[in-house]
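Here is a walk through one structure, taken a region at a time. Keep the 3D view open and follow along.

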Amino acid sequence: MLQPSLTHGPSWKALAAHYDEVKELQLRELFAQDPIRGERFTCEAAGLFLDYSKHRITDETLRLLLNLAAEADLQGQIAAMFRGDHINLTEDRAVLHTALRAPKSYRIEVDGQNIIPGIHAVLDRMAAFCEQVRAGAWLGYTGRPIRRIVNIGIGGSDLGPVMAFEALKHYAARELDFRFVSNVDGSDFAEATRDLDPEETLFIVASKTFTTQETMTNAGTARAWCLAALKDEAAIARHFVALSTNAARVAAFGIDTANMFGFWDWVGGRYSMTSAIGLSTMLAIGPEHFRNMLAGFHAMDEHFRTAPFERNLPVLMGLIGLWYTDFFNAQAVAVLPYDQYLKRFPAYLQQLIMESNGKATTLAGQPVDYQTSAIYFGEPGTNGQHSFYQMIHQGTKLIPCDFIAFAQSLNPLGDHHDLLVSNVLAQAEALAFGKTEAEVKAEGTAEWLAPHRSFPGNRPSNLLLAECLTPAVLGSLVALYEHMVFTQGAIWCIDPFDQWGVELGKVLAQRIQPELEDTEEPELNHDSSTNALIRRYRRLRRS
């Protein structure tokens, strides 16, 4: 039996009617009518301060959005996730990345078993291993200490570790050199290892099943690269560790299963950076800083679980994002961190958000008749200001922005940081309030030039401000977006924890690969375009 669409519910209909009333409202008017708007529309938790006053919303908008959350039983869905219910319906799994950062004193059961002791056992093993490597006590096959570490993974096994390493580089052990290989393109591996010495290099192979095609192709190449220099199969056990649950395949590869760090099927790839997948992060920043990062995650987890929705950062950000996606038809969101260390954060969010909520089928198996995930993109400020901000300010697309800034620099140099922060505050102000033609002309601009130099304003943004980029604050920031994703997915009635959309291309690639390698012309049974491209590739490959 067909279930009624989300758009047929009373809360959605009320929001649609409200949108018609407020869609032409200007932020200039809203601020003029409410002198303390910039103080009222704020929220703070887990080291993060959110100013959401520069949004095209009123108190009534928020009331109606909160009604929508209540109608979707968001509170019940949050409780189900933290309880360990199998809310990943299409894969019949619990979703418990939040358990990965829970204290030892917690008790969380999955299918009747308390999972917290197992989580902390893995963390303790990771910490012991990291202390050995960082102290120079873990020796390679020839007796030299490890000084170069290469993480091999893809998707969540790469994006999270890369982002965290770059974000927390200030806290990293600089005597260790970290590289990351993800692309099956051989150039990625070749460039990552070009100047490395196999005798002091450790490879971390991150694959839950140890069957991921791209990861295992790169791992096989790393194995051959290592053996070409070290000559002995026994060397593999000293130069490779595995992040996996498939002990048989790990052992067959030559990795000592004592150096295999496991995780669980209730850890989704893009939610896995606080699991064993974070081994490279722990190696870089050390176990203490890693645990501080987990504490930041946990603080935001608890805030999301317990705070009233009207004071709940992930809920507010999720609801406001939905307001633009579904009622203003905004297609994209720009994430703009004003901190160079967060240069990979937008790329990390692309997977977290678009792989989670880029769905067009409800949990009941019905097609949606509303928009789901926005397109996420971004660059660090101030670089982005000299790139795509032009379109955000004066283009035809409405692109809400998430600005991220810090009150203190980790590298204070002259007036650099004040200049950086003045830019983020100025950009949010300029987007919100713009500059009218009359104001431009009053400055002496010629009549013909005034339209080109005016700014419409009324462009919405969040501004997230923290004291300093610490491991704990990074944890809070990532968890904030994780739970924002969950909030939106819960209301949209989709499963944010599967990713079936990536499977078809993988299956077809396995079929095409032997057709590219065959020495004799194979019979091709694809469409005419794919057939012609395969033939052309083969001709060019032979030449």
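Thr382 sits in the loop that links β11 to α16 (389-394). This is a predicted model. In that loop, the peptide bond from Gly381 to Thr382 is cis. Its omega is near 10°. Most peptide bonds are trans, and most residues other than glycine have a negative phi.

Two residues depart from that habit of phi. Phe210 is one of them: it is not a glycine, yet its phi is positive, at about 60°. Look for Phe210 in the loop between β7 (201-206) and α9 (213-230). Is Phe210 buried or exposed? Phe210 is buried, because its relative accessible area is 3%, and the cut-off for buried is under 20%.

Asn329 also has a positive phi, of about 55°, without being a glycine. The loop between α14 and β10 (332-337) holds Asn329. Here the surroundings leave some surface open. Asn329 is partly exposed, with a relative accessible area of 47%.

Now turn to the sheet. It is open and has six strands. Their order is β1-β2-β13-β12-β10-β11, and the pairing is mixed. Which strands stand at the edges? They are β1 (42-45) and β11 (375-377). Each has a single partner strand, so one side of each has no neighbour in the sheet. Neighbouring strands are turned against each other by 15° on average, direction ignored.

Start at the β1 end. β1 and β2 (residues 48-51) run antiparallel and are joined by four bridges. Across this pair, Glu44 stands opposite Phe49 in β2.

Move on to β12. How many of its six residues are buried? Six of the six are, and the strand is mostly covered. Cys401, Phe403 and Ala405 point one way from β12. Asp402, Ile404 and Phe406 point the other way. All of these residues are buried.

β12 has parallel pairings with both β10 and β13. Four bridges join β10 to β12. In this pairing, Pro337 stands opposite Ile404 of β12. Six bridges link β12 with β13. There, Asp402 has Asn462 of β13 as its bridge partner.

Helices pack against these strands. Helix α14 (residues 313-327) lies across β1, β2, β12 (401-406) and β13 (461-466). α14 runs at about 140° to β1. Helix α17 (residues 416-433) also packs on the sheet, where it touches β12 and β13. The direction of α17 makes about 155° with that of β12.

Next comes helix α13 (residues 287-306). It has 20 residues. From its first C-alpha to its last, α13 reaches 28 Å, close to the 28 Å expected at 1.5 Å a residue. Its buried residues include Phe290, Met293, Leu294, Phe297 and Met300. Charged residues appear on the buried list too, among them Asp301 and Glu302.

Two packed helices are described by the angle between their axes and the distance between the axes. Apply that to α13 and helix α5 (residues 74-83). The two axes come within 9 Å and cross at roughly 140°. That angle makes α5 oblique to α13. Which residues make the contact? On the α5 side they are Gln75, Ile78, Met81 and Phe82. On the α13 side they are Asp301, Phe304 and Arg305. Together, the residues of this contact divide into four nonpolar, one polar and two charged.

Leu66 shows a link between distant parts of the chain. Leu66 lies in helix α4 (residues 59-71). Leu66 and Phe309 are 243 residues apart along the chain, and their C-alpha atoms are separated by 7.2 Å. What does Leu66 touch, not counting residues up to four places away in sequence? Leu66 touches Phe309, Glu310 and Leu319.

End at Ser157, in helix α7 (residues 156-167). Ser157 is buried, with a relative accessible area of 12%. Leaving aside residues up to four places away in sequence, Ser157 touches Asn151, Ala206 and Ile277.

Definitions and conventions:
Residues numbered from 1 in each chain as written. Predicted model: local features only at pLDDT ≥ 70, side-chain atom pairs only at ≥ 80, totals over all residues. Heavy atoms only, no water. Pairing = 2+ DSSP bridges. Helix = DSSP H or I, 4+ residues; strand = E, 2+ residues; numbered from the N terminus. Axes fitted to C-alpha atoms, helices over the stretch in contact; angles between N-to-C directions. Contact = heavy atoms within 4.5 Å. Expected span 1.5 Å × (residues − 1). Buried < 20%, exposed > 50% of the residue type's maximum accessible area, 1.4 Å probe, protein only. Parallel < 35°, antiparallel > 145°, perpendicular 65-115°, else oblique.
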